[in-house]
Structure formats: C-alpha cells, structure tokens
Amino acid sequence: MGLIRLLLLVVVLIGGYWAYYVYASGEPYDEIGSAINSRLPEKAREFGCNELKRRHGTAAVNAPAGCEPYWARI
C-alpha cells in the first residue's frame with residue numbers, strides 16, 4: 001500500500017509541475033517543465049505547446065524543447 005501511495009504522489013507532483021509550467025510559469029524554457037512536456041503523449045504535448053505559445057507569444061522566439069513540431073503551426 002505504501003508503494004502505491006508513493007507512486008501516486010510522484011504522479012501528482014509531476015503532473016502539478018507540468019500544469020504550473022504550462023499555466024503559470026513566467027519562463028517557457030524551464031528545463032524541468034520542458035522535459036516533462038517533451039515526454040508526454042502527442043495530444044497533451046500539443047496542448048501544452050499551444051498554451052505556452054498563447055501565453056508567451058512573440059516573447060518566446062524559439063520553441064521550447066518538445067514543441068518544435070507544433071510551434072510553427074500555432
């Protein structure tokens with residue numbers, strides 16, 4: 001039971017950091033956030049990249065890691 005709780009805590013922490021990175025971070029090039037985002041399934045990664053592009057707009061000249069295929073389409 002302890003292992004399940006630990007794994008659940010890890011999933012919640014990683015998911016929470018990704019949500020913070022996508023919705024609230026002031027920096028689109030955060031290493032941890034972009035590493036998490038680049039390892040997500042395609043739909044989640046596309047959503048995260050779209051949200052980052054919407055929030056940071058022209059201030060983010062280059063695409064964050066993992067967002068390269070989506071950045072030009074946005």
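Contact here means heavy atoms within 4.5 Å. The model is predicted.

**View 1. Surroundings of Ile36 in helix H2.** Helix H2 spans residues 31-38, and Ile36 lies in this helix. Leaving aside residues up to four places away in sequence, Ile36 touches Ile14, Tyr17 and Trp18. The relative accessible area of Ile36 is 18%. Ile36 counts as buried because this value of 18% falls under the 20% limit.

**View 2. Ile36 and Ile4.** These two residues are 32 residues apart along the chain. Their C-alpha atoms are separated by 21 Å.

**View 3. The buried side of H2.** Gly33, Ser34, Ile36 and Asn37 are buried in H2. They lie on the same side of the helix because they cover an arc of only 160° around its axis. The buried residues of H2 pack against two helices: H1, residues 2-23, and H3, residues 42-56.

**View 4. Surroundings of His56 in helix H3.** His56 belongs to H3. The relative accessible area of His56 is 14%. This residue is therefore buried, the limit being under 20%. With residues up to four places away in sequence not counted, His56 touches Ser25, Gly26, Glu27 and Pro28.

**View 5. Polar contact between His56 and Ser25.** The His56 side chain reaches the backbone oxygen of Ser25. The distance is 3.5 Å. Ser25 is also among the residues that His56 touches.

Key
Residues are numbered from 1 along each chain as its sequence is written. This is a predicted model: local features need pLDDT of at least 70, side-chain atom pairs count only at pLDDT 80 or more; totals for chains, interfaces and linings use all residues. Side-chain values use heavy atoms; hydrogens and water are left out. Helices (H or I, at least four residues) and strands (E, at least two) are DSSP runs, numbered from the N terminus. Buried means under 20% relative accessible area, exposed over 50%, partly exposed in between (1.4 Å probe, protein chains only). The arc is that of the directions from the helix axis to the C-beta atoms. A polar contact is a pair of N or O atoms within 3.5 Å; within protein, one must be able to donate a hydrogen and the other to accept it, and residues adjacent in sequence count only if both atoms are side-chain atoms.
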